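Here are a few notes from going through the model with you in mind. Have the viewer open while you read.

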Amino acid sequence: MKIPRIILAGVSSGVGKTSITCSIIHALQNQGYSVQPFKVGPDYIDPSYLSSISKNETFNLDVWLMGKNHLLSSFISNSKSNVSVIEGVMGYYDGFGGDSNYASTHHVASITKSPVILILDASKTARSIAATALGFQKFHKNSRISAIILNKIGSKKHEHLCRQALQKTKLPIVGVIPKDSLSLESRHLGLFSTLDNKTLYRKIQKISKIISKNLDVDKIIELTKNTSEFQKNPKPNHKKQKTTIAVALDTSFNFYYQDNLEALRREGASLKFFSPVNDKKIPKCDGLYIGGGFPEILGSKLTKNQTMKKLIKNLAEDNLPIYAECGGLMYLTKSISSGNKKYKMVGLFDAETSMTKKMKLNYTKGKINRSIISEKSHNIQGHEFHYSKLDSISSDSKFAYELEIGDGIKNHKDGLIQYNSLASYGHLYFDSSNYAENFVKNCIKYSRS
C-alpha cells in the first residue's frame, strides 16, 4: 500500500511548524491533491488548524498513548487522501525523556518511515544556522531529514548567506519564508481553537496563501512520493449500533481524539453532539462524553445555562454513565474561579476549580481501578495538560486512577467517581485498552435498566 507522506519538524517549539504545515497543505490542494493531516503528540488545538485548512479530520500520532503498533495502524487506516502530512511536536528529538527519542517526532518518523522537512528559524543567525542543521542531521544515525525550510529570512542577502552555509548539509531547501509573513497567535494551551471562529479561519487561509508562495511545492511533492510501501490493515469489525452517546461539542468543549470517537462508533455507539453552552436539551442518550476545552473562557454562558447544568446533574444522579476529561471535569465541579470571577457549574463533584498561572503538562502512568471504562484494575498511560487545580475536595471522594507518573487531581490520584460518572484531568487513548468497549457496555446496561 503506497502512502505518499511527509513530516514537518522543528528544531524547537515556536519555529512556525503549524503555520508552515497549513501552508503546505494549502499548496498541495492547489496542485489538485487531497490531504490527510496528522499531528504528533498529545495535542488538540494544532489539529483543529490542520483540519480547517485540509477539510479532513486530523488524527494524533503519539507513541506513549497509542503504542507503536496502534500508531502505525491508525496512520495506515486513516491515510485515505492523496498525501498524508504530519506536523511534529516541540523539537525534532524531544519526547518522553532526555535520554532517548521515545515519543518524539523522530520516533514517529522512524515508525512511519517518513521523510522529514526540518524547519529552521533563521532570525538572528546566518552561517551559524548550518551548525544547527548539521547537528540535527548527525545527532541520530538515521535522522530521516530530507530537506530544509528557512523561516524568518530578513533579506535576499540573509537568504544568500544561509544558503551558502547550508551547502554542507547537502539538503535541498524547499522553502524560504520572509520574516514579515503573518503567523498564528498562541494561547495558554497552545494556539486558539478554530471551532466556530470565522475570523481565525480566514486568518489561517490568508497565512497559508502567503507562505505557500515561498515553497518549492514540486520538490515537496517529490519528497512525499519517495517513500516505502505498507501492508494494508485488515478492516476493523463494526458492531451493530446498540446505544447512543451524547458528546459535548462547542467552543468550550472540543478536545477529542478522533480515534476515540471512532472507537465508540466501532463498539456500537451512535454519537449525537450537543452544546452545554447554547442548548437547552440533551439528545436522547444512554451515556455522556464531555471532553476537554476552555470552560473558563465561556464560564458566564455556562453558568447562565441553568437548564443544561440541572439536566446533567439529574442524569448523573439517575446513574447515566458519564465520562469526562479535563475541561469536562472542571464543568462537573461546583464552580470555576478565574481571576476575580467565580462561575457556578454543574456541582456533581464536591470540589471547586481554580485557574492557575502554572501549566501542568505531563505524560501519565499508573493504575485504573474498576469503573465505567474498566472492568478490572490494570495499568494505564495517558497525559494531562491544564492550567487549573481542584480545591475543597471532599475527604470521602473516590478516585479511579493511582498515578506513579503525573500529578492528577490530588496526591497523584485522578479520576473522580460519583454515581456512574468518571471525570479526570488525564486524557486516555481508548484503543490502548478496552475503554470504549466497556463504556459502551455500561451505556447499553443503562438503556436496559
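1. A quick definition before the helix cap: a polar contact here is a pair of N or O atoms within 3.5 Å, where, within protein, one must be able to donate a hydrogen and the other to accept it. Keep in mind that this is a predicted model.

2. With that in hand, look at the start of α4. S104 caps the N-terminal end of this helix, with a side-chain oxygen 3.3 Å from the backbone nitrogen of H106.

3. How much of α4 is buried? Helix α4 runs over residues 105-112 and is mostly covered, with 7 of its 8 residues buried. Those are T105, H106, H107, V108, A109, I111 and T112.

4. What do the buried residues of α4 pack against? Their partners are the strands β1 (5-10), β2 (35-40), β3 (59-61), β4 (83-91) and β5 (116-121), plus helix α3.

5. Just past the end of α4, check the backbone at K113: phi is positive there, at about 50°.

6. Now over to the second largest pocket, which holds about 810 Å³ of space. It is lined by 25 residues, and S73, S77, N78, K80 and P236 are the closest to its centre.

7. Which helix gives the most to the lining of this second largest pocket? That would be α3, with 6 residues. Both α3 (63-78) and α9 (258-266) supply at least two residues each.

8. As for chemistry, the lining of the second largest pocket divides into 12 polar, 7 charged and 6 nonpolar residues.

Terms used: Residues are numbered from 1 along each chain as its sequence is written. This is a predicted model: local features need pLDDT of at least 70, side-chain atom pairs count only at pLDDT 80 or more; totals for chains, interfaces and linings use all residues. Side-chain values use heavy atoms; hydrogens and water are left out. On a 1 Å grid over the protein atoms alone, a cavity is a set of points where a 1.4 Å probe fits but cannot get out, and a pocket is an open set with protein on both sides within 12 Å along at least five of seven lines; lining residues have an atom within 4 Å of a point. Grid points are joined across faces, edges and corners, and a volume is the space filled by probe spheres set on the points. Helices (H or I, at least four residues) and strands (E, at least two) are DSSP runs, numbered from the N terminus. Ala, Val, Leu, Ile, Met, Phe, Trp, Tyr, Cys and Pro count as nonpolar, Asp, Glu, Lys and Arg as charged, and the others, Gly among them, as polar. Buried means under 20% relative accessible area, exposed over 50%, partly exposed in between (1.4 Å probe, protein chains only). Contact means heavy atoms within 4.5 Å.
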